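Reader: Before we discuss any of the terms used for this model, could you show it to me?

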There are 2 protein chains.
Amino acid sequence: MEEIKFIESFLLEAGVYVREMHGRKSDMDVSTKKYASDILTEADLEVQRRCVLALQQAFPDDQLVAEEEGYDTFPDDPEKRCWVLDPIDGTNNFMRALFPMFGISLAFVDKGIVQAGGVYLPVSGDLFLAERGNGATHNGKRISVSEISQLSAAKIEMDLGWTYEREDSIARGYRLLCAAGQMRCHGVAVVSLCQVARGDMDAFFHNTLNPWDYAASLVIVEEAGGMATRLDNTPLHLFDGGSGVLMSNSKLHEEIVCLLENTNSIELKK
Amino acid sequence: MEEIKFIESFLLEAGVYVREMHGRKSDMDVSTKKYASDILTEADLEVQRRCVLALQQAFPDDQLVAEEEGYDTFPDDPEKRCWVLDPIDGTNNFMRALFPMFGISLAFVDKGIVQAGGVYLPVSGDLFLAERGNGATHNGKRISVSEISQLSAAKIEMDLGWTYEREDSIARGYRLLCAAGQMRCHGVAVVSLCQVARGDMDAFFHNTLNPWDYAASLVIVEEAGGMATRLDNTPLHLFDGGSGVLMSNSKLHEEIVCLLENTNSIELKK
């Protein structure tokens with residue numbers, strides 16, 4: 001499929017640019033006029049511009065759905081070919097983190113189904129690719145989800161999201177938070193979802209994700225043998241307006257869905 | 001001070017060995033008889049054995065307090081010289097993680113005060129060192145904590161700990177969890193504390209840490225301009241039997257202490 005080749009070459013090229021911008025940020029000192037957030041914004045927009053141009057050349061009839069600059073509207077016809085881009089996922093980690101946990105994510109969607117996807121971590125050089133029906137790879141090597149079937153032995157990520165949604169997220173995930181063997185929160189969906197695909201973690205749950213946050217990872221996780229649904233176990237359609245996302249190694253999926261059932265609220269007791 | 005030189009050379013030497021063991025784990029396939037957890041246990045014990053031997057040569061009268069094999073008892077006389085080692089902190093990340101977020105941690109303590117400490121991340125090669133009164137460094141470059149003073153703009157780590165203590169941790173940290181700008185949970189105290197020292201994060205809170213989990217990081221954070229106390233803002237003495245630890249960029253310390261006040265319990269409401 002030529003689309004997966006497009007994804008790979010776009011990610012590697014854009015990655016060179018993002019790596020250079022990230023290095024520029026790291027070299028700054030406080031007297032530098034250009035701040036980390038300016039560099040991030042510039043990089044974010046530039047990756048999207050490059051994607052628009054590359055698609056105009058390779059697939060001029062296809063639509064782009066992306067996070068920035070007016071591309072964040074869903075297709076009128078969800079059956080049509082489109083591409084879903086997150087120029088930089090994990091923007092806070094781009095700006096402040098010891099480990100460069102952020103990535104570029106690009107997916108190709110046809111008939112409402114993600115057919116191919118890629119996630120590239122430009123500083124560490126980790127490249128995840130998957131094509132529907134052909135498996136998922138990490139740096140060219142086939143990957144698969146973990147075999148862990150007991151929640152008490154599992155490593156789960158629950159992204160706690162933004163401050164305004166934090167109470168809802170914790171209420172929804174509280175029983176899962178308390179039951180899992182290990183809990184993580186890395187602040188970057190694409191890196192965590194690729195970790196589920198690679199078997200480094202066993203599930204990832206987020207109350208409010210946009211399609212560009214998980215489109216590419218979805219096919220990577222599924223092709224690695226994992227499962228992806230809404231939080232209530234219903235099918236995950238990119239443009240259905242839903243926002244809760246659960247991806248897992250599939251063995252733990254049902255048990256996690258049960259724990260997430262019912263939106264609860266939390267009361268603190270002295 | 002010769003102790004900081006000892007710390008640096010021990011960490012670098014032990015790091016070569018741990019990096020090799022971690023690589024051996026990554027090269028394994030499922031048919032390999034030796035499992036990741038065996039390699040981890042072997043590496044953990046071997047680092048401690050090497051530390052015992054190196055101290056016997058360099059500082060034969062000093063005591064070692066460490067996580068493994070009968071060294072986990074506190075000194076009879078807390079005023080005496082001693083060393084505090086965590087051979088590998090972040091053991092789960094050693095076994096399963098895309099990014100090698102684990103570290104070796106060694107501190108030198110005299111008169112109950114951490115006088116020098118070092119944390120080494122053997123795969124990424126990040127070395128953090130600090131000597132009381134002489135500042136803290138990351139790979140030889142002076143570091144300092146962040147300047148962020150508003151919780152809504154802050155990145156906070158709350159380690160959720162083991163399953164059995166998860167409910168207590170969440171109850172204690174709930175108000176902080178809901179108020180912070182960004183939340184993280186990386187599952188490795190030494191890496192997160194060094195991130196606070198380097199200004200990548202603004203505070204770290206854990207309900208139940210042992211002295212070897214934070215002894216070296218304590219002097220690194222303090223020498224980078226940060227603050228380290230118990231959760232109720234009382235002084236943090238390594239061997240006082242307490243377990244809650246809060247380290248921050250100092251500007252946020254008081255506000256966080258207020259949010260952590262009172263041990264609450266949580267009730268779920270439908």
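Author: Domain bounds here come from an automatic or database domain assignment, and on that basis chain A is divided into domain 1 (2–142) and domain 2 (151–260). This is a predicted model, in which local features need pLDDT of at least 70 and side-chain atom pairs count only at pLDDT 80 or more, whereas totals for chains, interfaces and linings use all residues. Residues are numbered from 1 along each chain as its sequence is written, while chains are lettered from A and ligands numbered from 1 in the order in which they are written.

Reader: How many residues of domain 1 of chain A are said to be in contact with domain 2 of chain A, and what makes a contact?

Author: Two residues are in contact if their C-beta atoms, placed from the backbone, lie within 7 Å. By that criterion 33 residues of domain 1 of chain A are in contact with 23 residues of domain 2 of chain A, and the centres of these two domains, taken over C-alpha atoms, are separated by 21 Å. On the domain 1 side of chain A, strand S4(A) supplies the largest share, six residues. That side divides into 19 nonpolar, 10 polar and four charged residues, where Ala, Val, Leu, Ile, Met, Phe, Trp, Tyr, Cys and Pro count as nonpolar, Asp, Glu, Lys and Arg as charged, and the others, Gly among them, as polar.

Reader: Why are the two copies, chain A and chain B, said to be related as by a two-fold rotation axis?

Author: Copies are superposed by least squares on the C-alpha atoms of residues with pLDDT of at least 70 in both. Here a rotation of 180° with 0.0 Å of shift along its axis places chain A on chain B, with an RMSD of 0.0 Å, and the two copies are therefore related as by a two-fold rotation axis. The same surface serves both copies, since 100% of the contact residues of chain A recur in chain B. Across the interface, 37 residues of chain A are in contact with 37 residues of chain B. The elements of chain A that give two or more residues to this side are helix H4 (166–179), strand S9 (182–184), helix H5 (189–198) and strand S13 (265–269), and H4(A) gives the most, with six residues.

Reader: What makes S13(A) and strand S13 of chain B a pair?

Author: Two strands pair if DSSP finds at least two bridges between them, and five bridges join S13(A) to S13(B) (residues 265–269), so the definition is met; the two strands run antiparallel. Within this pair, Ile266(A) stands opposite Leu268(B). The elements themselves are DSSP runs numbered from the N terminus, helices being H or I of at least four residues and strands E of at least two.

Reader: Why are S1 and S7 of chain B called edge strands of their sheet?

Author: The sheet in question is open and has seven strands in the order S1-S2-S3-S4-S5-S6-S7 of chain B, with mixed pairing. Strand S1 (63–66) and strand S7 (141–142) of chain B each have a single partner strand, so one side of each is left without a neighbour in the sheet. Strand S7(B) is joined to strand S6(B) (residues 136–138) by two bridges, the strands running antiparallel, and the bridge partner of His138(B) in S7(B) is Lys141(B). Helix H6(B) packs on this sheet, touching S1, S2, S3, S4, S5 and S6 of chain B, and its direction makes about 100° with that of S4(B).

Reader: Why is H5(B) called roughly parallel to H6(B)?

Author: Two packed helices are described by the angle between their axes and the distance between the axes. Axes are lines fitted to C-alpha atoms, for helices over the stretch in contact, and angles run from 0 to 180 degrees between N-to-C directions; those under 35 degrees count as roughly parallel, over 145 as roughly antiparallel, 65 to 115 as roughly perpendicular and the rest as oblique. The axes of helix H5 (residues 189–198) and helix H6 (residues 211–223) of chain B come within 9 Å and cross at roughly 5°, and this angle makes H5(B) roughly parallel to H6(B). Among the residues making the contact are Leu193(B) of H5(B) and Ile220(B) of H6(B), and by class the contact has nine nonpolar, one polar and one charged residues.
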